[in-house]
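Student: Could you take me through one part of this model closely? I would like to look at the sheet, and then at what sits around it.

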Amino acid sequence: MDSDDEHDPLHPFLQNTSNDASIIPEQPRSVRHGENLQLTFSGGDTSIALNLSLDASPGCGGIAWPAGEVLAQYLVHRGPQFVQGKTVLELGSGTGLVGLVAAMLGGIVCITDQAPLLAIMRENVELNKLSALCAVNELNWGEPIPANIPVPDVILAADCVYFEPAFPLLVQTLSDLVGDNTEVLFCYKKRRKADKRFFALLKKKFQWTDVADDPARATYSRESISLLRLSKR
Ligand SMILES: C[S@@+](CC[C@H](N)C(=O)[O-])C[C@H]1O[C@@H](n2cnc3c(N)ncnc32)[C@H](O)[C@@H]1O
């Protein structure tokens, strides 16, 4: 174990056992179903207010994670022209935070996660009156891409590197979805040494650069968060 970060998706697990291979991510018990978060993101001429219902019961995705807030803020910084009219797909959406912000900016969005998260994602789409712009679909990394998942112009993923058995699955799904012209924004919080195995796998199929035009970069770098742009090798 090399993390004592309580904002770690694996934190509850790490307190209880040392067997990393059998991890099923748990969730902070302090967040109960129906707790609401109001978030505001501002940048340039754009300001977005979002209501987020939280629910820690379906898994670690039911609360808002730091890399998600960083990616949402970056989208607002880029402004509506970045996503307007584009098909945007979010992987491991959790509450849907990042994808909901993309939809508020005018993207045609599909937020995805595993089955237990779909109810809280649908609740948040309704809460923000975004059903016309934001679809909710199950997408399990490593499985064949379901027919109802649109071919994306933009892929967003935040805080999806934390559970080692899922590393090859996430790389496989990225590889299945990313084409020559797909823009991929990947926001990552470094937590443990094992994370480098994800990047070793990713490197076989992708190259990446830091997103350099984010004014908040110096701030989140201090929290070991990186925002990367991925492209296929
Ligand atoms: C730490 S949470 C981040 C949630 C959200 N992106 C955020 O930033 O708030 C990681 C998310 O990845 C999802 N996830 C983990 N393994 C997955 C898999 N094999 N297939 C699809 N989603 C998965 C989890 O359900 C969870 O919602």
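Tutor: Let's start with a single pair: Asp-210 stands opposite Leu-228 in strand 9. This pair belongs to the antiparallel pairing of strand 8 with strand 9 (residues 225–232), which runs over five bridges. Do keep in mind that this is a predicted model.

Now step back to the whole sheet. It is open and has seven strands in the order 5-4-3-6-7-9-8, with mixed pairing. Its edge strands are strand 5 (134–138) and strand 8 (206–210), each of which pairs on one side only. On average, and with direction ignored, neighbouring strands of this sheet are turned by 25° against each other.

Helices pack on this sheet too. Helix 2 (residues 66–78) touches strand 6 (154–158), strand 7 (183–189) and strand 9, and its direction makes about 140° with that of strand 7. Helix 4 (residues 118–127) also packs on the sheet, touching strand 4 (108–113) and strand 5; the direction of helix 4 makes about 175° with that of strand 5.

A good residue for seeing how these pieces meet is Cys-187, found in strand 7. Cys-187 counts as buried because 27 other C-beta atoms lie within 10 Å, where 20 or more is the cut-off. Leaving out residues up to four places away in sequence, Cys-187 touches Ala-67, Val-70, Leu-71, Ala-158, Asp-159, Ile-225 and Leu-227. Cys-187 and Ala-157 are 30 residues apart in sequence, yet their C-alpha atoms are 6.2 Å apart in space.

Next, move to the loop between strand 3 (87–91) and helix 3 (97–104), where Gly-92 lies. Gly-94 is found in that loop between strand 3 and helix 3 as well. Gly-92 is buried, since it has 26 C-beta neighbours inside 10 Å; Gly-94 is buried too, with 29 other C-beta atoms within 10 Å. Setting aside neighbours within four places in sequence, Gly-92 is in contact with Gly-61, Asp-113, Ala-157 and Cys-160. On the same basis, Gly-94 touches Gly-61, Gly-62, Trp-65, Gly-68, Asp-113 and Leu-117.

This loop also brings us to the ligand. There are 24 residues around the ligand, and the closest are Gly-61, Trp-65, Gly-68, Gly-92 and Gly-94. By type, the shell divides into 13 nonpolar, nine polar and two charged residues. An unreviewed UniProt entry places the feature "binding site" at Trp-65, Gly-92, Ser-93, Gly-94, Asp-113, Trp-141 and Ala-158.

Follow the chain on from the loop and you reach helix 3. Eight of its eight residues are buried, so helix 3 is largely enclosed by the rest of the structure. Those buried residues are Leu-97, Val-98, Gly-99, Leu-100, Val-101, Ala-102, Ala-103 and Met-104. Helix 3 is followed by Gly-106, which has a positive phi, near 105°.

Finally, here is the setting for these details. The chain has seven helices and nine strands, and 40% of its 233 residues count as buried. Among contacts in the chain with a separation of 6 or more, 70% come from residues 24 or more positions apart.

Terms used: Residues are numbered from 1 along each chain as its sequence is written. This is a predicted model: local features need pLDDT of at least 70, side-chain atom pairs count only at pLDDT 80 or more; totals for chains, interfaces and linings use all residues. A residue is near a molecule or strand if its C-beta atom, placed from the backbone, lies within 6 Å of it. Ala, Val, Leu, Ile, Met, Phe, Trp, Tyr, Cys and Pro count as nonpolar, Asp, Glu, Lys and Arg as charged, and the others, Gly among them, as polar. Two strands pair if DSSP finds at least two bridges between them. Helices (H or I, at least four residues) and strands (E, at least two) are DSSP runs, numbered from the N terminus. Axes are lines fitted to C-alpha atoms, for helices over the stretch in contact, and angles run from 0 to 180 degrees between N-to-C directions. Two residues are in contact if their C-beta atoms, placed from the backbone, lie within 7 Å. UniProt positions are given in the numbering used here, feature names are shortened, and annotations may be inferred rather than shown by experiment. A residue is buried if 20 or more other C-beta atoms lie within 10 Å of its own, exposed if 12 or fewer, and partly exposed in between; C-beta atoms are placed from the backbone.
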